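Reader: I'm new to this one, and I'd like a close look at a single part before anything else. Could you walk me through it and then show me the surroundings?

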Amino acid sequence: MSTALLQWLAFALFAAIAIAGALGMATTMSMFRSGVFLMASFVGVAGLFVLLLADLLAWLQVMMYVGGMLVMILFMVLFSHDPGGAMMSEMPGLRGPERFFSLGLRAPSHEGGGSDHGGHAMPQMDMSMTTPLRRFAVVLAALAFVALAALLLLRPAWRQLDAMPAADSAHRVGELLMGKYMAAFEGAGLLILLGIFGSVYLARPSAHPGSAARERLQAAAADAPVDVAEAGDPRELQR
Amino acid sequence: MGVGLAVLWTLLLALAGSALVAAIEPHRLGHGNEPGPAAELRTLPWRRSRRPDRWLHGAAPVVALIALAWAVLILPFGRELIGADLGIGLFYFLVVVDILLLAVALGGWGADTADAVECCYRVIAQLVAYVVPLGLAVIGPAMMARSLSTVDIVEAQARAGLWYVVAQPLGFALFVAAGLMQSYRAPFLEPFAQRLQQAMLASYAPPLRALWRVALSGLLFVVAAMGATLFLGGYAGPWLPGWAWMLLKTLAMIVLMLGLGRCFALRSSAQMLALSWKLLIPLGLLNVLVVGALILLGVGQGAFR
């Protein structure tokens with residue numbers, strides 16, 4: 001096979017991964033899967049970077065999104081009602097990609113059709129489970145696609161180089177970061193450091209009552225709600 | 001190497017490496033077949049999941065094996081005996097091993113029992129603990145060799161006539177500590193403590209559990225081989241052929257890491273995070289400073305300039 005054909009095949013593969021990942025991210029009912037699909041989408045984009053001879057950028061992308069998304073998924077799981085999507089995937093009327101990307105989330109007993117506890121198969125409909133703005137979102141996404149495609153078609157003529165860029169992209173990136181863009185690079189580092197200081201300050205132990213203190217207060221409040229509520233700090237009793 | 005040959009080489013090396021670790025390691029990770037408590041745990045009804053996420057659960061061991069094979073790709077067993085000598089090999093290695101961690105997280109979440117999900121949580125906490133000290137430890141050899149390519153780092157050590165473990169003892173100690181965290185071995189095996197490990201691995205049918213065993217044993221092999229490459233001169237050495245030196249040094253690293261790990265009490269995830277951020281990261285920054293000064297003094301540069 002010729003190199004050009006292989007390049008086209010690789011491009012098609014990575015582009016398909018990127019698009020399928022994005023579609024899965026937006027349509028699956030499981031928050032955890034959603035994060036993993038986003039990772040897959042970015043891995044597809046990283047493959048496109050490799051095709052453009054930017055291997056350092058590609059692996060940076062994979063590192064940022066694998067490590068970063070894993071931590072983000074933890075927080076999503078912490079704050080969402082149904083992170084595994086087991087309940088949402090049993091909603092009636094899932095169609096197309098929503099149905100496909102939520103396959104395998106249901107409990108096995110429901111798949112056979114003969115459900116032995118039918119009362120649980122259809123959970124109470126919660127308003128947070130419906131997505132009334134879906135049509136609007138689809139139109140918005142289509143418009144964004146048209147705008148991006150138009151930008152691509154109506155672009156000014158890009159300069160084409162005959163020579164291949166040097167293979168050692170890490171070296172080039174390093175030269176640029178430590179030379180031409182040093183002020184911006186170091187400035188970003190300083191900003192991140194300040195952000196770390198800020199978060200450490202916010203999370204210092206004395207800022208909020210610890211969980212032990214909170215439990216003590218709650219126990220006391222359960223025993224004698226009126227007295228403690230009047231005596232204690234009201235902020236500490238909110239939970 | 002051609003592409004097909006490289007694929008074959010990585011697969012064979014990954015299998016051989018994990019077999020080596022499994023033969024040495026007395027108390028194996030991923031070993032869920034013992035009679036007694038393990039078998040008992042598996043039969044308890046509440047340990048079984050009612051709603052596993054079958055996509056993620058099934059994909060996890062395959063992702064783990066792919067990550068292992070990718071990591072093996074850049075381990076040099078000779079100047080030519082390497083899957084692919086990437087220009088950014090060292091950085092690539094760090095990224096690819098994170099993908100193995102992703103696989104563990106997928107498996108833990110996919111199994112959907114309380115203990116398995118806890119395994120997923122703790123493994124991610126461990127990522128936050130080890131990744132920065134590890135990066136600071138491996139930056140030293142890259143600085144001295146002026147390259148991220150594993151072959152170049154070995155050649156630079158051979159040219160200077162100096163193993164980097166001599167020039168950078170602090171970096172080596174950091175690598176051993178962070179490497180033990182990265183491979184979930186002795187003092188840092190909280191995510192794979194008996195209960196959690198069995199919850200995660202017991203949810204797999206035996207063939208898939210074997211895949212996990214290969215991946216988790218191979219993980220120690222690739223970390224030790226990377227340590228041998230960065231700090232012990234890799235495949236360079238007199239008398240013996242290159243691959244034999246590399247194998248011997250990797251073996252020495254495995255024994256050293258497992259032996260040292262047993263000298264310390266087990267650490268919880270919280271203790272690991274505290275150790276990493278309060279001790280290892282400052283030491284790592286100090287190490288980078290010291291290595292920079294050494295390079296300016298001409299240490300480890302050999303006939304390079």
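Reader: Take G108(B): is it buried or exposed, and how many other C-beta atoms lie within 10 Å of its own?

Author: Happy to, and one thing up front: this is a predicted model. G108(B) is buried, because 29 other C-beta atoms lie within 10 Å, and 20 or more is the mark for calling a residue buried. You'll find G108(B) in helix 4 of chain B, which covers residues 89–111.

So who are the neighbours? Leaving out residues up to four places away in sequence, G108(B) touches A116(B), V117(B), C119(B), C120(B), V123(B) and M200(B). For a sense of how far the chain reaches, try I295(B): G108(B) and I295(B) are 187 residues apart in sequence, and their C-alpha atoms are 44 Å apart in space.

Now step back to the chain around that glycine. Chain B has 12 helices and 0 strands, so its pattern along the sequence reads α-α-α-α-α-α-α-α-α-α-α-α. The radius of gyration of chain B is 19 Å, close to the 19 Å that the globule rule gives for 305 residues, so chain B is as compact as a globular protein of that length. Measured out along its principal axes would be the wrong phrase for a model, so let's say the computed C-alpha trace of chain B spans about 65 × 45 × 30 Å. G108(B) has company in being buried: buried residues make up 54% of the 305 residues in chain B. As for contacts with a separation of 6 or more, 82% of those in chain B are between residues 24 or more positions apart.

While we're in chain B, have a look at Y184(B). Its phi is positive, about 55°, although Y184(B) is not a glycine. Y184(B) is found in the loop between helix 8 (169–182) and helix 9 (194–201) of chain B. Being in a loop doesn't put this residue in the open here: Y184(B) counts as buried, because it has 24 C-beta neighbours inside 10 Å.

On to the other chain. Chain A comes to 11 helices and 0 strands, and from the N terminus on its elements run α-α-α-α-α-α-α-α-α-α-α. Buried residues make up 15% of the 239 residues in chain A. Of the contacts in chain A with a separation of 6 or more, residues 24 or more positions apart account for 54%.

Two helices of chain A show what that 15% can look like up close. In helix 7 of chain A, residues 134–153, the end C-alpha atoms are 28 Å apart, which agrees with the 28 Å that its 20 residues should span at 1.5 Å a residue. The number buried among those 20 residues is 0, so helix 7 of chain A lies largely in the open. Helix 9 of chain A, residues 182–202, tells a similar story: its 21 residues should span 30 Å at 1.5 Å a residue, and the end C-alpha atoms are 30 Å apart, which agrees. Here too the number buried is 0, so helix 9 of chain A lies largely in the open.

Next, the place where the chains meet. 22 residues of chain A are in contact with 24 residues of chain B. On the chain A side, helix 2 (31–51) and helix 3 (55–79) are the elements that give two or more residues. Helix 3 of chain A gives the most, with 10 residues. By class, that side of chain A has 15 nonpolar, 4 polar and 3 charged residues.

Those two helices of chain A also pack on each other, at an angle of about 175° and with their axes 9 Å apart. Helix 2 and helix 3 of chain A are therefore roughly antiparallel to each other. Among the residues that meet, helix 2 of chain A brings M31(A), F32(A), L38(A) and F49(A), while helix 3 of chain A brings residues including L57(A), Y65(A), M69(A) and V77(A). By class, this contact has 20 nonpolar, 2 polar and 1 charged residues.

Last stop: the loop between helix 2 and helix 3 of chain A, where L53(A) is found. L53(A) has a positive phi of about 65° although it is not a glycine. With 14 C-beta neighbours inside 10 Å, L53(A) counts as partly exposed, whereas Y184(B) counts as buried.

How values were computed: Residues numbered from 1 in each chain as written. Chains lettered and ligands numbered in written order. Predicted model: local features only at pLDDT ≥ 70, side-chain atom pairs only at ≥ 80, totals over all residues. Helix = DSSP H or I, 4+ residues; strand = E, 2+ residues; numbered from the N terminus. Rg over C-alpha atoms; globule rule 2.2 N^0.38 Å. Buried ≥ 20, exposed ≤ 12 C-beta atoms within 10 Å, placed from the backbone. Contact = placed C-beta atoms within 7 Å. Nonpolar A, V, L, I, M, F, W, Y, C, P; charged D, E, K, R; others polar. Expected span 1.5 Å × (residues − 1). Axes fitted to C-alpha atoms, helices over the stretch in contact; angles between N-to-C directions. Parallel < 35°, antiparallel > 145°, perpendicular 65-115°, else oblique.
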